[in-house]
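Reader: Could you take me through one part of this model in detail, with the cut-offs spelled out as you go? I'd like to see how the protein meets the nucleic acid.

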Amino acid sequence: MSRRFWLFKSEPSCYSIADLKNAPESVDCWDGVRNYQARNFLRDEIQVGDGVFFYHSNIPQPAIVGLARVTRAGYPDHTARDPRSGHFDPRATLERPIWYMVDVQFVAAFPRPLARNEFRDHPALSGMEVMKRGSRLSVQPVSTGQWQAVLALAGIAEDP
DNA sequence: GCCAACGTTGGC
DNA sequence: GCCAACGTTGGC
């Protein structure tokens, strides 16, 4: 399977790209996803080496703010079994974890955030999942063309 | 802060 | 299996 690309959403007040950068080795687990479609991507499709757009949602200018890379493929999200976690799910067990996560590593922050509204009229980017009205999917596939178009907009010549 | 859109729950 | 009610997401 060749390298694939994804967009991960996060509210920066909850977890920002700076938080990922500042994590030990700039690696962290992407926990707390509680949506089955997103879970399926995390569990079944996302592979080590895949590219990730880090997207900040629920702010005045929602934007792709940088890049990350997958360093560990899907494994059980332990926060689902932690009653003190805000993402606790009493149905999750060791044998049946229900929820999964991956590990990602910070790669780069864009020189400036690429605001969602900049994509609206872009031929390659207006069709992104994140552009769809009412889209709530927090882990989304990104096409190779979309990946390259965003890197070009960000002024990043070489795919890091 | 508003509110449309969405996913989930649960009664039937 | 249907669908109304509900809680949440997320752009604006």
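Author: Let's start at Arg136, where a backbone N or O atom lies 3.0 Å from a phosphate oxygen of DNA strand C. That is a polar contact, meaning a pair of N or O atoms within 3.5 Å; within protein, one must be able to donate a hydrogen and the other to accept it, and residues adjacent in sequence count only if both atoms are side-chain atoms. This is a predicted model, where local features need pLDDT of at least 70 and side-chain atom pairs count only at pLDDT 80 or more, while totals for chains, interfaces and linings use all residues. Residues are numbered from 1 along each chain as its sequence is written, chains are lettered from A and ligands numbered from 1 in the order in which they are written, and side-chain values use heavy atoms, with hydrogens and water left out.

Side chains also reach phosphate oxygens of DNA strand C: an N or O atom of the Lys9 side chain is 2.9 Å from one, and for the Arg116 side chain the distance is 3.4 Å. The residues near this strand (one heavy atom within 4 Å of it) are Lys9, Tyr55, Ser57, Asn58, Pro62, Arg116, Arg120, Ser135 and Arg136. Of the strand C atoms that come within 4 Å of the protein, 75% belong to sugar and phosphate. By class, this surface has 2 nonpolar, 3 polar and 4 charged residues; Ala, Val, Leu, Ile, Met, Phe, Trp, Tyr, Cys and Pro count as nonpolar, Asp, Glu, Lys and Arg as charged, and the others, Gly among them, as polar.

Arg136 is also one of the residues around DNA strand B, along with Asn35, Tyr36, Arg133 and Gly134. That group divides into 1 nonpolar, 2 polar and 2 charged. Here the Arg133 side chain has an N or O atom 2.5 Å from a phosphate oxygen of strand B. Sugar or phosphate supplies 68% of the strand B atoms within 4 Å of the protein, and bases supply the rest.

Now for a residue in the protein itself. Val52 lies in strand β3 (residues 51-56), strands being DSSP runs of E with at least two residues, numbered from the N terminus. Val52 counts as buried because its relative accessibility is 1%, and buried means under 20% relative accessible area (1.4 Å probe, protein chains only). Leaving out residues up to four places away in sequence, Val52 touches Trp6, Phe8, Gly66, Leu67, Ala68, Val70, Val104 and Trp147, where contact means heavy atoms within 4.5 Å.

Terms used: Helices (H or I, at least four residues) and strands (E, at least two) are DSSP runs, numbered from the N terminus. Buried means under 20% relative accessible area, exposed over 50%, partly exposed in between (1.4 Å probe, protein chains only).
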